[in-house]
Amino acid sequence: MSKFIVILYVVCLAASGFVNGSIIKKEKDQIRVFELKKGDLTLKVTNWGATLISLLLPDKYGKLGDIVLGYDSPKAYTNDTQYFGATVGRVANRIGGAQFTLNGIHYKLIANEGNNTLHGGPRGFSDVLWKVVKYQRDGDRPKIKFSYHSFDGEEGFPGDLLVTVSYILSEESSLSIVMKAKALNKATPVNLVNHAYWNLGNHNSGNILNQVVQIFGSKFTPLNDQLIPFGNFSSVKGTPYDFLKPQVVGSRIDQLTNTNGYNVNYVLDKNKNDDNEVKVAAIVTDKRSGRVMKIATNQPGLQFYTANYVKNEKGKDGFVYQPRSALCLETQAFPDSVNHPNFPSTIVTPEKPYNHLLFFKFSTNAPHGF
């Protein structure tokens, strides 16, 4: 998804030193890469945007490969227009009209995609330096924990917000991402996502049209031409959005001419006993490499995006990424929830913190003899 930064806001930031000024220069000098390693899995992240920049693991033949799109240099992420691997917020996805009303107060945000706010605004959580509060590279439970204090009024959102993101390798071939937020003084909407671009064949293996996806969502939220939900729910049955049974990504993607591919929020099917219980959201399989990725979460939605707007993007090792070169499977609240009372609430208060659990389990379908 592309960022479109309004001129007025750039001017304001420039005046305050955020653009091409001392603050950005100082922040760039503090950008670091951190590695977590457990067994055959090696994860790299950076404190810029609390971003996942690399995930190295073997294919069915034991050959290691990086399955996350991104850049060679961590500082390149400061100019990223695709949110590669970033932690996105304060409110990910779109807020229609760049505005909402909460507790009788009308809040006007900064529009950065037409009339709407996308991924927290022109300078969301993906475009700030996070603090490292804990780091253990290896051992039984490799972990890194980032924190960020979002100030009252940042990008137009109300209240101070303390946010943490943890990347944890707790089991073999498993990754946990835990995103938490606490409102310090005012109620505020929060919807954090990890925006990794996955290609199980390797980041430089080309398109993902032959990969197989299963999504455990029987409904989706229909969108208008600005990708803002109407507010209702539709069944996936009989549509190109039906992945209740495993489907090849490219089998029906060309039917989606308005968005040039998949870019839709699924309503994940609930567990019978507990709406907030962790549930399997999606499974991705790449038959050529044998890699399988299983995703579980406690969030109500999943954004499925096929890198439709990635074009001529120079990435790692000089490889140039093109549309449909990756899958984004972003566990989340529903887009524009703050303007749809019938959607699950995204409002966080000092008494009601935010807790987003996201789990990845990787495996391989090894050929006979492996």
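Buried here means under 20% relative accessible area. With that cut-off in hand, select Phe 220 and Tyr 241: both of them are buried. The model you have open is a predicted one, and this pair of rings makes a good place to begin.

**Stop 1: a tilted ring pair**

Keep Phe 220 and Tyr 241 on screen and show their side chains. The ring centres are 4.7 Å apart and the planes meet at 45°, so this pair is classed as tilted. Colour by secondary structure next: Phe 220 belongs to strand 17 (residues 219–220), while Tyr 241 is in the loop between strand 18 (234–235) and strand 19 (247–248), so the two rings tie together parts that are 21 residues apart in sequence.

**Stop 2: an edge-to-face pair and its cluster**

The whole structure holds 26 aromatic pairs. For another of them, select Phe 84 and Tyr 197. Their ring centres are also given as 4.7 Å apart, but the planes stand at 80°, so the pair is edge-to-face. Phe 84 sits in the loop between strand 4 (64–66) and strand 5 (87–88), and Tyr 197 in the loop between strand 15 (193–194) and strand 16 (212–215); the pair therefore ties together parts that are 113 residues apart in sequence. Phe 84 has a relative accessible area of 0%, so it counts as buried. Tyr 197 is likewise buried, with a value of 0%.

Now widen the selection by adding Tyr 71, Tyr 77, Tyr 305, Tyr 309, Phe 319 and Tyr 321. Ring pairs link these residues with Phe 84 and Tyr 197 into a cluster.

Before leaving the aromatics, pick Phe 243 and Arg 252. The charged end of Arg 252 sits over the ring of Phe 243, at 5.0 Å from the ring centre.

**Stop 3: the sheet, strand by strand**

Switch to a cartoon view and look for the open sheet of 9 strands. Its pairing is antiparallel, and the order to follow is 10-11-12-13-28-22-21-16-19. The edges are strand 10 (131–136) and strand 19, each of which pairs on one side only.

Start from the strand 10 edge. Strand 10 is joined to strand 11 (residues 143–150) by 5 bridges, in the antiparallel sense. To see one of these, select Gln 136 and its bridge partner in strand 11, Lys 143.

Then move along to strand 28 (residues 354–364). Strand 13 pairs with strand 28 over 8 bridges, again antiparallel; Ala 181 and Tyr 354 of strand 28 are bridge partners. Strand 22 (residues 291–297) also runs antiparallel to strand 28, with 7 bridges between them. Here, Met 293 has Phe 362 of strand 28 as its bridge partner.

**Stop 4: the nonpolar cores**

Stay with Phe 362. Which residues touch the most other members of the largest nonpolar core? They are Tyr 167, Trp 198 and Phe 362, in a core of 60 residues. Strand 13 (residues 174–183) supplies the largest share of this core, 5 residues. Show the surroundings of Phe 362, setting aside its neighbours within four places in sequence: its contacts include Leu 41, Leu 55, Leu 57, Leu 175, Trp 198 and Met 293. A second, separate core has 15 residues, among them Ile 53, Tyr 71, Leu 129 and Tyr 305. Tyr 71 and Tyr 305 were also in the ring cluster of Stop 2.

**Stop 5: the loop between strands 2 and 3**

Zoom in on Asn 47, in the loop between strand 2 (41–46) and strand 3 (51–58). Is Asn 47 buried or exposed? At 5% relative accessibility, it counts as buried. Its side chain makes a polar contact of 3.5 Å with that of Thr 46. Beyond four places in sequence, Asn 47 touches residues including Gln 30, Phe 34, Leu 129, Trp 130 and Phe 146.

Ala 50 is in this loop too, between strand 2 and strand 3. Its phi is near 45°, a positive value in a residue other than glycine, and at 0% relative accessibility Ala 50 counts as buried.

**Stop 6: more backbone to inspect**

Most residues other than glycine have a negative phi, and most peptide bonds are trans. Asp 336 has a positive phi, near 55°. You will find Asp 336 in the loop between strand 26 (328–332) and strand 27 (347–348), buried with a relative accessible area of 6%.

Finish at Gly 89 and Arg 90, where the connecting peptide bond is cis, with omega near 10°. Arg 90 is in the loop between strand 5 and strand 6 (94–95).

Definitions and conventions: Residues numbered from 1 in each chain as written. Predicted model: local features only at pLDDT ≥ 70, side-chain atom pairs only at ≥ 80, totals over all residues. Heavy atoms only, no water. Phe/Tyr/Trp six-rings, centres within 6.5 Å; stacked < 30°, edge-to-face > 60°. Helix = DSSP H or I, 4+ residues; strand = E, 2+ residues; numbered from the N terminus. Buried < 20%, exposed > 50% of the residue type's maximum accessible area, 1.4 Å probe, protein only. Lys NZ or Arg CZ within 6 Å of the ring centre and 35° of its normal. Polar contact = N/O pair within 3.5 Å; in protein donor to acceptor, adjacent residues only side chain to side chain. Contact = heavy atoms within 4.5 Å. Core = buried A, V, L, I, M, F, W, Y, C linked by side-chain atoms within 4.5 Å. Pairing = 2+ DSSP bridges.
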